[in-house]
Amino acid sequence: MSDAVINGLAGAGGGIIAQLITYPLQTVNTRQQTERDLKKEKRKLGTVEQIGQVIKNEGWERLYGGLTPSLVGTAASQGVYYYFYQIFRNKAEVAALERSKLGIGDGSVGMLSSLVVAALSGCVNVLLTNPIWVVVTRMQTHRKTSKSQPDQMLSTDPDEAIVAAAEPPPFGTSHAVQEVYDEGGFFGFWRGVFPTLIMVSNPSMQFMLYETMLNKLKKRRALSKKNNNGITAVEIFLLGALAKLGATVVTYPLLVVKARLQAKQVTTGDKRHHYKGTLDAILKMIRYEGFYGFYKGMSTKIVQSVLAAAVLFMVKEELVRGVRFMLTNKAKSKPP
């Protein structure tokens, strides 16, 4: 089994576990990013309060709205990203060794090369998986309607009362897909792809920071007098958290623009609620909300992203280590 396949599968597994743990935070954060009701903005609620509000008004299941396509998207995104990252990384390492033979460099992949490798992997990932995330955004931002209307419940007609008290049908994946298609056709599934492509700088920065800190830690361990050169799961957790924190702060405004474009567009009423494209969204946000609008829900996103990235890195490294250990033992057990 190649390193690319091992890293791809491990990345998918780590991404799924991280997603399950942090999904309620992700749902609340998406709602914060796409909130355009000025009346609601006047009363700012904390993340915990918003989670409680969703549970009270819509039920706890709405915190996991879009979980199924999100898990599929996470597995696909992490698998695609790590697979192509490993392929591009191998090519970069070969190129670095070739340059070292010519007396250029020390044979290791530098920060710029790591950035390019991560960016290329991110672009491939975005183009292949964007439709999944459009559907997820629609499901996360869909608000469950009230179970009953007061005027309907006062009706003397029993049949009308039964209809009024009935639960609205759940907003499933098929409903979200149909809504996106009805609104924008086939290309509607690639709404927000432009800012998302620019956002490949986020994982690029993340992995560049992560690998830089990891390499420095390994070198420090190698130079120490102790014989322990291994990196523990806790250290990988902390390195992943720090790397994601730095990348999130820089690229967050693009994430908000992407969410606005992928959420359901209101074609009637207030023109502030409808965006024709990336530039139109940016200009309207600056005009009607100011630069504050680009950082809505940032504290929630930092907590969610840092926790998810830390879990992802920790689980991925442990899975890679475990698979390689099993493959090594299997190879040793084979008779000569």
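Here are some exercises with worked solutions on a predicted model.

**Exercise 1. Get your bearings**

Work out how many helices and strands the protein chain has, and what pattern they follow along the sequence.

*Solution.* Start with the count: the protein chain has 13 helices and zero strands. Reading along the sequence then gives the pattern α-α-α-α-α-α-α-α-α-α-α-α-α. Next, look at burial: of the 336 residues in the protein chain, 44% are buried. Finally, take the contacts with a separation of 6 or more: 81% of them join residues 24 or more positions apart.

**Exercise 2. How do H1 and H3 cross?**

Find the angle and axis distance for helix H1 and helix H3, then name the residues that meet.

*Solution.* Two packed helices are described by the angle between their axes and the distance between the axes, so let's take those two values for this pair. Helix H1 covers residues 3-34 and helix H3 covers residues 47-58; their axes cross at roughly 95° and come within 10 Å. Angles of 65 to 115 degrees count as roughly perpendicular, so H1 is roughly perpendicular to H3. Now zoom in on the residues. From H1 come Leu25, Val28, Arg31 and Gln32, and they meet Thr47, Gln50, Ile51, Val54 and Glu58 of H3. Sorted by character, the residues of this H1 and H3 contact are four nonpolar, three polar and two charged.

**Exercise 3. Now try H5 and H8**

Do the same for helix H5 and helix H8: which residues meet, and at what angle do the helices pack?

*Solution.* Helix H5 (residues 111-141) packs against helix H8 (residues 173-184) at an angle of about 110°, and the axes are 9 Å apart. H5 and H8 are therefore roughly perpendicular to each other. On the H5 side you'll find Val134, Val135, Arg138 and Met139; on the H8 side they meet Thr173, Ala176, Val177, Glu179, Val180 and Glu183. The contact of H5 with H8 splits into six nonpolar residues, one polar and three charged.

**Exercise 4. Hunt down the cores**

Identify the residues that touch the most other members of the largest nonpolar core, and the helices that supply the core.

*Solution.* The largest nonpolar core has 22 residues, and Tyr85, Phe207, Tyr210 and Phe313 touch the most other members. At least two residues each come from helix H4 (67-101), H5, helix H10 (201-223), helix H11 (233-262) and helix H13 (298-333). H13 gives the largest share, six residues. Pick Phe313 for a closer look: leaving aside neighbours within four places in sequence, Phe313 is in contact with Tyr82, Gln206, Phe207, Tyr210, Ile236 and Gly240.

There's also a second, separate core of eleven residues, including Leu255, Tyr275, Met285 and Phe294. Of these, take Met285, which lies in helix H12 (residues 278-288). Met285 is buried, with a relative accessible area of 0%. Beyond four places in sequence, Met285 contacts Val256, Val257, Arg260, Tyr275, Gly290, Gly293 and Phe294. One more distance to check: Met285 and Arg272 are 13 residues apart along the chain, and their C-alpha atoms are separated by 8.1 Å.

**Exercise 5. Three residues in H4 and H5**

Is Asn130 buried or exposed? Which residues does it touch, and what surrounds Trp133 and Ser70?

*Solution.* Begin with Asn130, found in helix H5. Its relative accessible area is 2%, under the 20% cut-off, so Asn130 is buried. A polar atom of the Asn130 side chain lies 3.0 Å from the backbone oxygen of Phe189. Not counting residues up to four places away in sequence, Asn130 touches Phe189, Trp190, Arg191, Gly192, Val193, Thr196 and Gln262.

Move on to Trp133, which also lies in helix H5. With residues up to four places away left out, Trp133 touches Gln19, Ser70, Gly73, Thr74, Ser77 and Gln262. Trp133 and Arg191 are 58 residues apart in sequence, and their C-alpha atoms are 9.8 Å apart in space.

That leads to Ser70, one of the residues touched by Trp133. Ser70 sits in helix H4 and is buried, with a relative accessible area of 0%. Leaving aside neighbours within four places in sequence, Ser70 is in contact with Gln19, Tyr23, Gln26, Trp133 and Val136. To close the loop, Gln19 appears on the contact lists of Trp133 and Ser70, while Gln262 is touched by Asn130 and by Trp133.

Key: Residues numbered from 1 in each chain as written. Predicted model: local features only at pLDDT ≥ 70, side-chain atom pairs only at ≥ 80, totals over all residues. Heavy atoms only, no water. Axes fitted to C-alpha atoms, helices over the stretch in contact; angles between N-to-C directions. Helix = DSSP H or I, 4+ residues; strand = E, 2+ residues; numbered from the N terminus. Parallel < 35°, antiparallel > 145°, perpendicular 65-115°, else oblique. Contact = heavy atoms within 4.5 Å. Nonpolar A, V, L, I, M, F, W, Y, C, P; charged D, E, K, R; others polar. Core = buried A, V, L, I, M, F, W, Y, C linked by side-chain atoms within 4.5 Å. Buried < 20%, exposed > 50% of the residue type's maximum accessible area, 1.4 Å probe, protein only. Polar contact = N/O pair within 3.5 Å; in protein donor to acceptor, adjacent residues only side chain to side chain.
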